[in-house]
Amino acid sequence: MKKWWQEEVVYQIYPRSFQDSNGDGIGDIPGIISRLDELKELGVGIIWLSPVYKSPDADNGYDISDYRDINPKFGTMSDMDNLIKEAASRKIKIVMDLVINHTSDEHEWFKKSRDKNSPYRDYYIWKPGNANNKPPNNWTGFFMGSVWEYDEQSGEYYLHLFHKKQPDLNYHNPKVIEEIKDIMRFWLDKGIAGFRCDVINIIYKSSFANGKKALAIRGLEHYKSKEGTHRILRELRRDVLDRYDCFTVGETVMVDLDEAKLLCDNERKELDMLFYFEHLEVDRRIARYVPKKFKAKKLLAVLAKWQQGLEWNAVYLENHDQPRIVSHYGDDSLYPERSAKMLATMQFTLGGTMFIYQGQEIGMTNFDFDELSQLNDVESHNIHALMKKIGIPRKLRWEWIKTASRDNARTPMQWNGEAMAGFTSGTPWLKINGNYQKINYQEQKERSDSVLAYYKEVIAFRHNNDVLKYGSFTPVFAKGSVIAYRRELDGDNYLIILNFSKKPAKAAFKGSLVLSNLGRANYDGKLAAYEAVVMKCER
Ligand code: TEU
Ligand code: CA
């Protein structure tokens with residue numbers, strides 16, 4: 001049975017970089033409200049809001065100190081209520097970012113838990129040190145380094161898989177689960193339409209034994225996608241989510257297909273869908289930072305694996321943690337617009353719920369960083385330090401960090417070609433990409449062959465073709481930098497052909513052209529650089 005959230009386009013907003021309304025250089029909620037008409041015009045039905053809760057910003061809001069209050073940098077709770085209302089008046093729903101693997105160390109619960117006798121002690125994972133007070137085990141975190149921070153006050157270590165200001169909650173404690181249910185109800189009662197669940201597949205740690213040898217994230221095998229997590233997800237669904245018209249999308253770090261099937265299988269009533277990463281790492285060795293050669297054939301195989309492997313996909317190419325897709329899989333120097341449109345054609349001809357990230361719709365590119373001090377992201381700095389420690393040469397480690405840093409996606413939205421790209425009247429919290437006069441919303445709004453115009457076209461095209469939402473996926477062709485796949489449903493049969501290179505290529509297939517990123521009227525079997533072709537085939 002079809003669900004409303006399968007048909008809508010979800011637009012992710014990273015609030016601090018979207019639109020500033022009061023000149024402090026930080027995007028805010030009134031700024032978002034001022035841009036709702038643009039999102040409506042694009043065809044957006046849902047906004048996923050990255051965290052706006054109270055936070056000391058150790059990890060840009062993914063370290064929450066009060067789940068029921070708004071970070072004053074972004075505005076007030078009445079601004080938030082107003083956003084929900086204004087969006088609803090435009091038939092746009094709001095989804096919040098649920099960050100419950102950890103809180104901020106400035107959350108009331110954590111502050112109290114530092115007292116060994118507090119009833120909140122067991123809200124977190126506190127352990128005594130080993131012999132001569134060494135950390136309780138050898139685990140390393142997502143931001144590199146140990147996951148244990150020693151607390152003088154109570155003479156024990158606490159666990160933090162991310163920053164030391166992000167202590168992990170203890171999901172062996174039923175009181176923690178009840179607190180989370182109350183937080184979810186608080187926001188669902190405000191009329192939000194669901195949650196993007198941050199690192200949701202690692203919340204239950206089934207053992208604290210030493211991890212096996214690993215270059216990064218040692219100990220992952222003791223907490224990734226464990227039965228305890230499945231049980232908690234089913235409980236949250238049963239006791240809270242199923243009582244509201246809402247959905248969940250899990251961010252599931254390093255999830256494999258078997259785990260994903262268990263996490264978002266309909267019958268198991270855990271998550272409705274989830275974000276995997278494999279399609280964005282075909283040209284990466286360890287996670288995002290160590291590059292290897294891109295092979296279009298490998299991308300097609302990964303797309304087929306996930307499209308065929310899951311009942312439903314959350315389809316995305318960008319978010320606040322990923323480099324810009326036109327710089328990653330496209331060509332942001334020779335063919336910026338054409339390759340951005342080719343990638344949009346790929347995304348919008350895959351099955352699943354569409355997620356786009358702010359700026360993707362105008363083909364924003366990676367930032368032209370030229371030194372480390374320009375980077376804000378804690379992950380980038382920590383990974384750079386690790387690379388330096390293990391002897392990666394300076395030039396190479398900078399190259400790797402520059403192309404993979406999460407800050408590539410976090411530079412302010414480029415609204416127009418005026419000062420500060422129309423993002424702020426003040427000094428932006430993070431540098432604005434120097435190409436904002438070339439790439440900006442205003443300029444593209446008025447140009448019929450812009451990336452923005454093309455996103456509106458593919459969003460409308462998909463909306464009118466159920467085969468693209470619900471059809472089967474069959475890989476058909478992969479040669480050099482060209483891939484092709486087929487989508488079929490109730491006799492409808494579409495063939496999508498994509499050229500991932502600046503070199504023209506041949507790919508002769510029969511059919512009538514129904515979509516082209518070059519505005520072609522028909523297809524002669526020859527693909528230009530970064531050309532995308534969608535054909536309707538008789539079959
Ligand atoms: O990200 C989880 C995570 O592991 C990423 O930081 C990682 O760098 C990338 O996505 C995988 O290659 C989530 C949030 O999206 C991120 O912004 C937070 O920093 C993190 O959790 C901690 O809350
Ligand atoms: Ca502001």
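Analyst: Relative accessible area sets three classes: buried is under 20%, exposed is over 50%, and partly exposed lies in between (1.4 Å probe, protein chains only). This is a predicted model, where local features need pLDDT of at least 70, side-chain atom pairs need 80 or more, and totals for chains, interfaces and linings use all residues. Residues are numbered from 1 along each chain, chains are lettered from A and ligands numbered from 1 in written order, and side-chain values use heavy atoms, without hydrogens or water.

User: Why is K54 called partly exposed?

Analyst: Its relative accessibility is 31%. That falls between 20% and 50%, so K54 is partly exposed.

User: What makes K54 and D69 a salt bridge?

Analyst: The rule asks for a side-chain nitrogen of Lys or Arg within 4 Å of a carboxyl oxygen of Asp or Glu. In K54 and D69 the closest N and O atoms are 2.9 Å apart, so the pair qualifies. K54 is in strand β3 (residues 53–54) and D69 in strand β4 (residues 66–70), 15 residues apart. Strands are DSSP runs of E, at least two residues; helices are runs of H or I, at least four; both are numbered from the N terminus. D69 has 24% relative accessible area, so it too is partly exposed.

User: How many salt bridges does this rule give?

Analyst: The count is 50.

User: How do you know that D81 and K190 link distant parts of the chain?

Analyst: First, the contact: their closest N and O atoms are 2.7 Å apart, a salt bridge. D81 is in helix α4 (residues 77–89), K190 in the loop between α6 (174–188) and β9 (194–197), and 109 residues separate them. D81 is partly exposed at 34%. K190 is partly exposed at 23%.

User: Why is E379 called buried?

Analyst: Its relative accessible area is 9%, which is under 20%, so E379 is buried. R406 has 6%, so R406 is buried as well. Salt bridges with shared partners join D59, R288, D321, D377, E379, R406 and R410 into one network. Within it, E379 and R406 pair at 3.6 Å between closest N and O atoms.

User: What makes D20, N22, D24, I26 and D28 donors of the calcium ion (ligand 2)?

Analyst: Donors are N, O and S atoms within 2.8 Å of the metal, or 3.2 Å for Na, K and Ca; water is not among the atoms, so sites may look incomplete. D20 (OD), N22 (OD1), D24 (OD), I26 (O) and D28 (OD) lie at 2.3 to 2.4 Å. Those distances are within 3.2 Å, so these atoms count. Along the chain the spacing is D-x1-N-x1-D-x1-I-x1-D. D20 is buried at 6%, while D24 is partly exposed at 35%.

User: What makes L215, I286 and I390 a nonpolar surface patch?

Analyst: Patch residues have over 30% relative accessible area and no salt bridge; nonpolar side chains (Val, Leu, Ile, Met, Phe, Trp, Tyr) are joined within 5 Å, like charges within 9 Å. L215, I286 and I390 make a patch of about 300 Å². Areas come from the Shrake-Rupley method with a 1.4 Å probe, and only the protein chains shown cover residues. I390 is in the loop between α12 (378–389) and α13 (394–404).

User: Which residues gather in the patch of positive charge?

Analyst: R285, K292, K293, K295, K298, K502 and K503. Lys and Arg count as positive, Asp and Glu as negative; His and chain ends are not counted. K292 has 37% relative accessible area, which is over 30%, so it passes the area test.

Methods: Charge placed at Lys NZ, Arg CZ, Asp CG, Glu CD.
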